[in-house]
Each structure stands twice: as structure tokens, then as C-alpha cells.
Amino acid sequence: MSKPWALRGFHMRFSDHNDVGNLKRVIQDALVPLGVNVLILECNTGFQFSSHPEVSGGTLTRADARELSALCKQHGIRLIPLLECLGHQGWGGGRNSLLRAYPEFDETPHVPDDAKWPDFYCPSWCPSHPDVNPLVFDLMDELIDAFEADALHVGMDEVFAIADDHCPRCAGKNKAELFAKAVNEYYEHLVGRQKVQMLMWADRLIDAKGMGYSQWDGDVYGIWPAVDMIPKDIILCDWHYDPLEEYPSVGHLLDKGFEVWPSCWNHPQASLNFFEDAVKQAETHKALDRMPGMLVTGWNATGENLVAALFGEGDLGEDQGNIRGIADTLKAVMERLNRSGSPVS
Ligand SMILES: [Zn+2]
């Protein structure tokens with residue numbers, strides 16, 4: 001259980017050794033003064049794994065991780081690595097370095113490399129392949145050790161490719177049960193064996209149609225009943241980026257017994273509205289102690305472009321990733337969380 005506003009988080013993808021200096025600057029000169037106390041670094045296969053160099057597709061080293069860990073510890077920031085599990089193993093038909101090294105793990109090997117949305121979204125690994133978890137657990141363990149972390153975020157958002165009709169192991173299986181099986185296996189490894197906390201994105205556990213969400217921040221493929229098949233002490237990062245009238249998933253997931261961490265992106269006012277609605281729902285559902293603050297997601301933010309957006313140094317160019325929006329949201333949300341007194345304004 002967390003006290004209200006105990007988690008003031010920022011998330012970004014990060015796998016570039018040459019950007020560590022910029023990220024350290026961002027931590028020291030922006031995240032610390034803004035009051036951020038959780039930094040989620042989405043490394044995925046961009047880390048240089050010594051256990052499996054064949055899956056490494058980036059330049060971030062163990063020494064970089066230790067350097068960032070030390071800096072964060074010094075400033076009271078909890079550093080949590082993220083390894084995207086199951087889905088998002090590439091974009092469109094393009095496979096990431098893990099599936100290129102282990103094509104036998106591909107859930108949809110028949111999909112051509114140049115496939116694009118809306119024909120195909122992203123490749124997944126096959127959760128039923130007997131050799132996939134031993135590899136994934138090695139990657140998880142190495143990230144936890146490198147970052148000296150007490151938690152791991154397993155991603156698991158936007159899984160569209162699951163129980164594919166062409167997969168000899170998964171065809172015909174129940175998608176919710178298959179998704180829950182993967183969640184439970186990661187949980188057993190992380191929480192059961194490694195004694196660390198587990199976080200994941202919440203979108204696949206939400207009935208998009210029933211709650212008025214899109215197929216991105218909710219599920220339309222029949223995965224969502226998995227919400228009743230997984231442990232309640234997984235922290236669910238419930239992300240919604242568009243301005244909406246209400247965000248009923250917060251109350252719903254709190255009612256299920258989870259800790260729910262509302263997560264926003266690059267739209268300051270939508271983020272603040274989401275937060276106020278989440279507070280209202282947590283109060284209505286008498287679960288304010290399980291709605292611990294807010295997570296600002298940075299996605300395409302890098303150390304370099306954040307230095308440009310936050311400090312005006314360097315050139316953001318066309319800012320296609322809306323890094324200015326991310327920087328503005330980060331400031332607005334942290335100012336809101338830092339406001340003293342009652343959590344409700
Ligand atoms: Zn499969």
C-alpha cells in the first residue's frame with residue numbers, strides 16, 4: 001500500500017550509451033527539482049546483455065546502468081527497468097533483435113517484413129514456446145542486477161498478435177487464459193523467485209467497448225477477462241492519453257483489488273483532468289491508498305531531446321515525438337502532485 005502521491009513517476013525508452021550524459025543532466029536538473037521519485041527506463045533489447053549478446057540491439061551497458069542507479073539512489077529516485085514482454089517485439093512486420101536472433105519464437109512468422117498497420121500491428125513472441133521464458137528470465141535478471149532494481153516493469157501493452165491461427169502451439173487457445181498464463185509466469189519468476197515488485201501496463205486488462213476506450217488503451221480481442229486470473233499485487237499502469245469525460249478503468253481496477261497508477265503522455269490538460277478523475281474515483285471506491293500518484297510516459301523522449309525541451313539547449317527540430325508536450329506534461333503533473341495539503345484541489 002502506498003500513501004497518496006507516493007509515486008511520482010517518469011518513463012522513457014532508453015538504450016543509448018552515448019546519451020547517458022544527457023540523461024544524467026535531466027535527472028539532476030529536472031527530475032530531482034520537479035520531485036520525480038520513480039524513473040522507469042524502458043531498455044527492452046537495447047541493453048547489452050552478457051547472458052545473451054545475440055539479442056542485444058542497443059548500446060546501453062551494465063556500467064551505464066550502475067552509473068544511473070547510483071545517481072538515482074543518491075537523489076532518492078527509484079530506478080525501475082522495463083523489458084517489453086510478449087507484444088511489441090518490433091513494429092509492423094519488422095522484427096526486433098530478439099525475434100531476429102530467435103525466429104522460432106515468432107508468433108506470426110508468416111507475416112511479411114514489410115507488413116504495415118492496419119494489416120498488422122506488431123509482432124509478439126509465442127508465450128507457449130517452451131524455450132522462450134528461460135531466455136526472458138535471463139534478460140529480466142540481468143536488468144534487475146545491472147540497475148540494482150527492486151522492481152521490473154514487464155510492459156505487455158497493445159498485444160494484438162496472440163493465439164494466432166497459424167501458431168502450432170497457440171491456435172484455438174483462449175486469448176485471456178493465454179495472456180494470464182504469461183503474466184503469471186513472469187510474476188512467479190519476479191515476485192516469487194526474485195522477490196522484486198512487478199509492474200505492467202493495464203490496457204489488455206480493460207474491456208475497451210464496455211468502458212468506452214479505444215482499441216489501444218483497452219482490449220477488443222477478448223484478452224481483458226485475464227484481469228480476474230492474475231495476482232492483485234501487480235502494479236497496473238493504467239494509461240490514457242486522450243482527453244475523455246471519464247476514465248472508468250481506474251475505479252474498476254481498484255475494485256478488483258489492484259494498485260492502479262494512472263499514466264499520461266504529452267497533453268498537460270488531459271493529464272491533469274485524468275488525474276483529478278482518478279482521485280475522484282479512488283475516493284468513491286474508498287481506495288485512495290491504492291492510487292499512488294501519476295506516471296508521465298515519455299516514449300520517444302531521449303536525454304538529448306529532453307535537454308532541448310526542458311532547458312532550451314540544442315535543437316528539437318520538428319519535434320515529431322512531441323517532446324515539448326512531454327516536458328510540459330511532466331512539469332504540470334509534478335507541480336500538481338507536489339501541491340501540499342489535501343490530494344483533491
Ligand atoms: Zn504461439
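Which side chain meets that of Glu 148 in a salt bridge? Select Glu 148 and look across to Arg 66: their side chains form a salt bridge, with N and O 3.8 Å apart. Keep in mind as you go that this is a predicted model.

**Stop 1: Glu 148 and Arg 66**

Color the chain by secondary structure while this pair is on screen. Glu 148 sits in the loop between α4 (132–146) and β6 (151–153), while Arg 66 belongs to helix α2 (residues 62–74). The two are 82 residues apart, and the pair links distant parts of the chain.

Now switch on the surface. Glu 148 is partly exposed, because its relative accessibility is 39%. Arg 66 also counts as partly exposed, at 27%.

**Stop 2: Asp 106 and Arg 95**

Next, select Asp 106 and Arg 95. Their side chains meet in a salt bridge too, with an N to O distance of 2.7 Å. Asp 106 is in the loop between α3 (97–101) and α4, and Arg 95 is in strand β5 (residues 94–95), so this salt bridge ties together parts 11 residues apart in sequence.

Are these two partners buried or exposed? Asp 106 is buried, with 6% relative accessible area. Arg 95 is buried as well, at 13%.

**Stop 3: along helix α5**

Move to helix α5 (residues 175–193) and pick out Lys 181 and Glu 185, which both lie in it. They are four residues apart, about one turn of the helix. A salt bridge joins them, and the closest N and O atoms are 3.0 Å apart. With a relative accessible area of 37%, Lys 181 is partly exposed.

Before leaving the charged pairs, select Arg 62, Arg 66, Asp 145 and Glu 148 together: salt bridges with shared partners join these residues into one network. Across the whole structure, a search finds 17 salt bridges. As a general reminder, side chains of opposite charge can pair when their charged atoms come close.

**Stop 4: the zinc ion**

Center the view on the zinc ion and show the side chains around it. Which residues coordinate the zinc ion? They are Glu 107 through OE, and Cys 126, Cys 167 and Cys 170 through SG, at 2.1 to 2.3 Å. The arrangement is tetrahedral because the four donor atoms subtend angles of 99 to 116°.

If you want to find the donors in the sequence, look for the spacing E-x18-C-x40-C-x2-C. Glu 107 is in the loop between α3 and α4 and Cys 170 is in the loop between β6 and α5, so the pair ties together parts 63 residues apart in sequence. Turn the surface on again here: Glu 107 is buried at 1% relative accessibility, and Cys 170 is buried at 0%.

**Stop 5: strands β6, β7 and β8**

Select strand β7 (residues 197–201). The strand is mostly covered, with four of its five residues buried. Add β6 to the selection: β6 and β7 run parallel and are joined by three bridges. For a specific pair, zoom in on His 153, whose bridge partner in β7 is Leu 199. Follow the chain from β6 through α5 to β7 and you trace a right-handed β-α-β crossover.

Then add strand β8 (residues 235–239). β7 and β8 also pair in the parallel sense, over three bridges. Here Met 200 is found opposite Leu 236 of β8.

**Stop 6: Val 260**

Jump to strand β9 (residues 259–264), where you will find Val 260. Is Val 260 buried or exposed? Val 260 counts as buried, because its relative accessibility is 0%. Show its surroundings: beyond the neighbours within four places in sequence, Val 260 is in contact with several residues, including Leu 236, Val 250, Leu 253, Leu 254 and Met 291. Leu 236 is the residue you just saw opposite Met 200. For a sense of scale, draw a distance from Val 260 to Thr 61: their C-alpha atoms are 32 Å apart, with their positions 199 residues apart along the chain.

**Stop 7: His 88**

Finish at His 88, in the loop between β3 (78–82) and β4 (90–91). His 88 is buried, because its relative accessibility is 13%. Leaving out residues up to four places away in sequence, His 88 touches Asn 96, Tyr 121, Cys 122, Pro 123, Asp 157 and Glu 158.

Key. Residues are numbered from 1 along each chain as its sequence is written. This is a predicted model: local features need pLDDT of at least 70, side-chain atom pairs count only at pLDDT 80 or more; totals for chains, interfaces and linings use all residues. Side-chain values use heavy atoms; hydrogens and water are left out. A salt bridge is a side-chain nitrogen of Lys or Arg within 4 Å of a carboxyl oxygen of Asp or Glu. Buried means under 20% relative accessible area, exposed over 50%, partly exposed in between (1.4 Å probe, protein chains only). Donors are N, O and S atoms within 2.8 Å of the metal (3.2 Å for Na, K and Ca); water is not among the atoms, so sites may look incomplete. Four donors count as tetrahedral if all angles lie between 85 and 135 degrees; four count as square planar and six as octahedral if opposite donors are over 155 degrees apart and all others between 65 and 115; anything else is irregular. Contact means heavy atoms within 4.5 Å. Two strands pair if DSSP finds at least two bridges between them. A crossover is right-handed if, with the strands pointing away from the viewer, the path from the first strand over the helix to the second runs clockwise.
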